[in-house]
Amino acid sequence: MKPKVYFTKQMEPEKLVELYQRTGKVLGGKVAVKLHSGEEGNQNFLKPEFFKPMVDYVKGTVVECNTAYEGSRNTTEKHLQTLEKHGWSRNFKVDLLDGEGPDLELDIPGGKCIKKNYVGKNIANYDSMLVLSHFKGHPMGGYGGALKQLSIGVASSYGKGYIHGVGNPENFWTSDHDSFLGAMADAALSVVEYFKGNIVYINVMKNMSVDCDCCAVAEDPCMADIGILASTDPVAIDQACLDLVYASDDPGRDHLLERIESRNGVHTIEVAEALGYGSRQYELITV
């Protein structure tokens, strides 16, 4: 049976809760809420007010990890300041998963490009995860969605370099590009397996720039908002977002697609499906 992806064009914060309920999955125990806290200077990241009803509904803790490049989030001290400045720690419980070492090492015996993933050790404090993804372009991955949140997003600062370098952080900027995309799919698998499938994914197609929320200087959004999607399948929800972009008649669509296609962004989805933890075939249910 094809996985279900629930979709609404309505962009109200309460719709996230409704779509979450539609998935039929109840996240139990202590819930980690993975989202993008936004690099200082970025104008496109989704703000705490938009996510508050959803995070409050699951009684979740917002979790993040430090970055692996210079900026306002590459050290624990600076990242905590940014979380406060952007309103996350004022609205929610916040946990920097890799705020203090050592990292937690997850094995990926079936990985196509890497066999290990390094994540913030505080992930061990949680029983389930809600992945709130801002769908948009990305300078390296082509696009950012659920699979990127699971991989680069949950990886520690060291782990981010490990994925980018396909097992060698020294090759952060110079690794084979498709292998990097495959390594993201491998890393995402390890997090799915760690939580034994106790994850719900929500992708928000709003403020869609060709650039990621990790960019301090980002292009403004290039196309109109499309909607909100929810699923228990990370491959299906990312594929559905790509399909909605392709189906759009928005004049800015081609600019976003050029970014996605020039980086072969779909390859992460292809590898993820090949690894067996999701399907590119899905049923889109409009709410």
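Here are a few friendly notes on the predicted model above, covering a helix pair, a pocket, a glycine and a helix near the end of the tour.

1. **Two crossing helices.** A good place to begin is the pair α5 and α7. Two packed helices are described by the angle between their axes and the distance between the axes. For α5 and α7, the angle is about 85 degrees and the axes are 7 Å apart. Angles of 65 to 115 degrees count as roughly perpendicular, so α5 and α7 are roughly perpendicular to each other.

2. **Who meets whom.** Now look at the side of α5 that faces this partner: L147, K148, L150, S151 and I152 are the residues of α5 in the contact, and they meet F180, M184, A187, A188, V191 and V192 of α7. By class, the contact of α5 with α7 is made up of 9 nonpolar residues, 1 polar and 1 charged.

3. **The largest pocket.** Rolling a probe the size of a water molecule over the atoms shows where empty space is left. In this model, the largest pocket holds about 390 Å³ of space. Its lining has 27 residues, and the closest to the pocket centre are Y69, H138, K148, I152 and C214. You have already met K148 and I152, as both take part in the contact of α5 with α7.

4. **What the lining is made of.** Two or more lining residues come from each of β7 (128-134), β8 (136-138), α5 and α6 (157-164). Which element gives the most to the lining of the largest pocket? That is α5, with 4 residues. Sorted by class, the lining has 11 nonpolar, 10 polar and 6 charged residues.

5. **A glycine in β9.** Do have a look at G142, which lies in strand β9. Is G142 buried or exposed? Its relative accessibility is 0%, so G142 counts as buried. Leaving aside neighbours within four places in sequence, G142 is in contact with G137, R259, I260, R263 and G265. The C-alpha atoms of G142 and N264 are separated by 6.5 Å, although these residues are 122 residues apart along the chain.

6. **Helix α10 and its partners.** Last comes α10, which spans residues 266-275 and has H267, T268, I269, V271, A272 and L275 as its buried residues. These buried residues pack against β9 (142-144), α5 (146-153), α7 (177-194) and α8 (234-247). The strand holding G142 and both helices of the crossing pair are thus familiar names here. After α10 comes G276, with a positive phi near 90 degrees.

Definitions and conventions: Residues numbered from 1 in each chain as written. Predicted model: local features only at pLDDT ≥ 70, side-chain atom pairs only at ≥ 80, totals over all residues. Heavy atoms only, no water. Buried < 20%, exposed > 50% of the residue type's maximum accessible area, 1.4 Å probe, protein only. Contact = heavy atoms within 4.5 Å. Axes fitted to C-alpha atoms, helices over the stretch in contact; angles between N-to-C directions. Parallel < 35°, antiparallel > 145°, perpendicular 65-115°, else oblique. Nonpolar A, V, L, I, M, F, W, Y, C, P; charged D, E, K, R; others polar. 1 Å grid on protein atoms, 1.4 Å probe; cavity = no way out; pocket = protein on both sides within 12 Å on 5 of 7 lines; lining within 4 Å. Points joined across faces, edges and corners; volume = space filled by probe spheres on them.
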